[in-house]
Amino acid sequence: MKKIATVIAIAAGCLVYAAQAQAAAPIKIGALFAVTGPAAYLGEPEKNTALMVQEQVNAGGGINGRPIEIIVEDTEGDEAKTVMKVTKLITQDEVVAIIGPTRSGTTMAAIPIVEKYEIPMISCAAAEDIVKPVKKWVFKTPQSDADAARVIYEKIKAMGLTKVALTTGTTGFGAAGREQLKKLAPEYGVTIVADETYGPK
């Protein structure tokens, strides 16, 4: 009888320990930032901010008593590398959500994967195509490229100008922004007299 009681006590103790360990397990959040590469001027501050927030949240006791763990992956601003990194975060690191990517093109590359695995992703990029049409698992924080195009045309209109020349990059944001500039020009009475694009160096 005493042995059974001892076994039950040990089992109960193990269950309590396991429950406590699970309660204290970190909440893993993925972060896809262009820490290096052409967009590092954006990705490096994004990484530093995410890690600062992690420190602040954990210093305050975490979320429901659980610390957060931000797992940063450097996309280098490259779409193929982004696909590999987002897949790793979901299938190996088992993150519950993803912040980023930094760029519009890399965000568009990540969308099919997060939608497949039903992992929420909050992009740091601005292209309107990221959220239009509306997607169940994808969100973004910056103003859209359409908003930026409208501000440009409002300034041009206020200056009394009616003709513009476009010079846009072929990155995800550059290409999407170019389409918005072309689409909205007639609305502001603006004629596009030249339309040039340039690729990455």
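The predicted model of the protein contains 6 helices and 7 strands. Along the sequence, these elements follow the order α-β-α-β-α-β-α-β-β-α-β-α-β. Of the 201 residues in the protein, 35% are buried. Contacts between residues at least 6 apart in sequence were also examined, and 58% of them join residues at least 24 apart. The accessible surface amounts to about 11,800 Å², with 61% of that area belonging to carbon and sulfur atoms.

The mean pLDDT of the protein is 86, and 70 or more is reached by 88% of its residues. Residues 1-19 have a pLDDT below 50, and in the model this stretch makes 0 contacts beyond near neighbours in sequence. Where pLDDT is low, predicted coordinates should not be read in detail.

Helix 2 (40-59) comprises 20 residues, for which a rise of 1.5 Å a residue predicts a span of 28 Å; the end C-alpha atoms are 28 Å apart, in agreement with that expectation. Its buried residues are Gly 43, Glu 46, Ala 50 and Gln 54. Viewed down the axis of helix 2, these buried residues fall within an arc of 75 degrees and therefore line one face of the helix. The cover over the buried residues of helix 2 includes strand 1 and strand 2. On the face turned away from the buried side, helix 2 carries the exposed residues Tyr 41, Glu 55, Gln 56 and Ala 59. Gly 61 follows helix 2 and has a positive phi, near 100 degrees.

A corresponding analysis was made of helix 3. This helix consists of 13 residues (residues 79-91), and its expected span of 18 Å, at 1.5 Å a residue, agrees with the 18 Å between its end C-alpha atoms. Thr 82, Lys 85, Val 86, Leu 89 and Ile 90 are buried in helix 3. Because the buried residues fall within an arc of 130 degrees when seen down the axis of helix 3, they line one face of the helix. They pack against strand 1 (27-33), strand 2 (68-74), strand 3 (97-99) and helix 4 (104-117). Ala 80 and Met 84, on the other side of helix 3, are exposed. At the start of helix 3, the backbone nitrogen of Ala 80 has a side-chain oxygen of Asp 78 within 3.1 Å.

Two residues illustrate the surroundings of helix 3 in further detail. Lys 85, which lies in helix 3, has a polar side-chain atom 2.6 Å from the backbone oxygen of Asp 74. When residues up to four places away in sequence are not counted, Lys 85 touches Leu 32, Glu 73 and Asp 74. Thr 106 belongs to helix 4 and, at 1% relative accessibility, counts as buried. Thr 106 touches Gly 77, Asp 78, Glu 79, Thr 82 and Pro 101, again leaving out residues up to four places away in sequence. The C-alpha atom of Thr 106 is separated by 8.7 Å from that of Lys 81, a residue 25 residues apart from Thr 106 along the chain.

The backbone geometry of several loops was also considered. Most residues other than glycine have a negative phi, and most peptide bonds are trans. Asn 64, in the loop between helix 2 and strand 2, has a positive phi near 55 degrees. Asn 64 is exposed, with a relative accessible area of 79%. A positive phi, near 60 degrees, is likewise found at Glu 76, which is placed in the loop between strand 2 and helix 3. Glu 76 counts as partly exposed, at 32% relative accessibility.

Cis peptide bonds are present at two prolines discussed here. The bond from Gly 100 to Pro 101 is cis, with omega near 0 degrees, and Pro 101 is located in the loop between strand 3 and helix 4. Pro 101 is also one of the residues that Thr 106 touches. The bond from Lys 132 to Pro 133 is cis as well, with omega near 0 degrees; Pro 133 lies in the loop between strand 4 (121-123) and strand 5 (138-140).

Note on methods. Residues are numbered from 1 along each chain as its sequence is written. This is a predicted model: local features need pLDDT of at least 70, side-chain atom pairs count only at pLDDT 80 or more; totals for chains, interfaces and linings use all residues. Side-chain values use heavy atoms; hydrogens and water are left out. Helices (H or I, at least four residues) and strands (E, at least two) are DSSP runs, numbered from the N terminus. The expected span of a helix is 1.5 Å times one less than its number of residues. Buried means under 20% relative accessible area, exposed over 50%, partly exposed in between (1.4 Å probe, protein chains only). The arc is that of the directions from the helix axis to the C-beta atoms. Contact means heavy atoms within 4.5 Å. A polar contact is a pair of N or O atoms within 3.5 Å; within protein, one must be able to donate a hydrogen and the other to accept it, and residues adjacent in sequence count only if both atoms are side-chain atoms. Accessible areas come from the Shrake-Rupley method with a 1.4 Å probe; for residues, only the protein chains shown count as cover. pLDDT is the predictor's confidence in each residue, from 0 to 100.
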